[in-house]
Amino acid sequence: MTASGETFDSSAVAHDFQQNGYLTIDPLYSTADMERVNEEIDRFLRERVPSMPDEQVYYEDPTDKTSIKQLQKLFDHDPFFHDMMFEGPARRIAEIALGEEVEAVNMQFFNKPPGVGKATPPHQDGYFFHLDPPLAVTGWLALEPVNHENGCIHYVRGSHQHQGYRPHASTGVLGFSQGITDFGSESDNAETVAVPGQAGTFLMHHAKTIHWAEANASQTRSRRALGFIYYAKSAKVDLAARDGYQAALDARLKAEGKIPS
């Protein structure tokens, strides 16, 4: 599968990422490419999801197996998505953005089903990553058109340049367990940018960039996307902190009945 985005402007990608904390390539993938990707997603949902570990499959409603909200580690379960993660343009864009080689960490499927897809709270991905230094990116590929109605992403421009992380606390939102507690300042609002797009639109943001998405208010349209997480080779993971956080989160989700125990 060829990505039309191989012709993107590398200098513009690096500039936008460094200045704003995020970048947009609209589109990265052609219409034909996106038809193929969506066919492969549908196949994955049919063939791979039933055998995935419970901790890697999140539902809006655990009793409704059609309400998939999020999938983790797609590249571990299917060669098509392995190639997309390791050999596709997302990895090259990550290396341009961070200015060094990267390690592929996670590939995710995101969905906000019509009428029930919840809002994604304001957060910083690096808060979950436990990296030093906090050099990582998350890529986001729209699988279908996205706008304010079905939950486009919003960024706080330049928020990656601030020291440390904003305070986070439990949100109760499956897949986004921690959210910023002091969000909504005058500066936050002034620097907020919404990013709607077509199928094939690709976004990438720094691990410290504040972002969120609205709920899906449409009764007919889903909002499906793929996520790509890459860490800079120079970034080191605090394994004890990461594993402890994940174990505590899994235990809480099981106790709350959000994932099977």
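Two strands pair if DSSP finds at least two bridges between them. Keep that cut-off in mind as you work through this predicted model.

**Exercise 1.** Find out how strands β7 and β12 pair.

*Solution.* Step one: locate β7 at residues 136-142 and β12 at residues 202-206. Step two: count the bridges between β7 and β12; there are five, and the sense is antiparallel. Step three: pick out one bridge, where T138 has H205 of β12 as its partner.

**Exercise 2.** Place β7 and β12 in their sheet, and name the edge strands.

*Solution.* Start with the order of this open sheet of seven strands: β1-β12-β7-β14-β4-β3-β2, with antiparallel pairing. Next, look at the edges, where β1 (22-25) and β2 (57-59) each pair on one side only. Finally, check the twist: neighbouring strands here are turned by 15° against each other on average, direction ignored.

**Exercise 3.** Which strands do helices α1 and α2 lie across?

*Solution.* Take α1 (residues 10-20) to begin with: this helix lies across β1, β7 and β12, at about 145° to β1. Then turn to α2 (residues 31-47), which lies across β3, β4, β7 and β14 and runs at about 90° to β14.

**Exercise 4.** Explain why β5 and β11 each have one side without a neighbour in the sheet.

*Solution.* Write down the order of the open sheet of four strands, β5-β13-β8-β11, paired antiparallel. β5 (120-123) and β11 (192-195) stand at its edges with a single partner strand each, so one side of each lacks a neighbour in the sheet. For β5, the antiparallel pairing with β13 (residues 211-213) runs over two bridges, and H123 stands opposite H211 in β13.

Key. Residues are numbered from 1 along each chain as its sequence is written. This is a predicted model: local features need pLDDT of at least 70, side-chain atom pairs count only at pLDDT 80 or more; totals for chains, interfaces and linings use all residues. Side-chain values use heavy atoms; hydrogens and water are left out. Axes are lines fitted to C-alpha atoms, for helices over the stretch in contact, and angles run from 0 to 180 degrees between N-to-C directions. Contact means heavy atoms within 4.5 Å.
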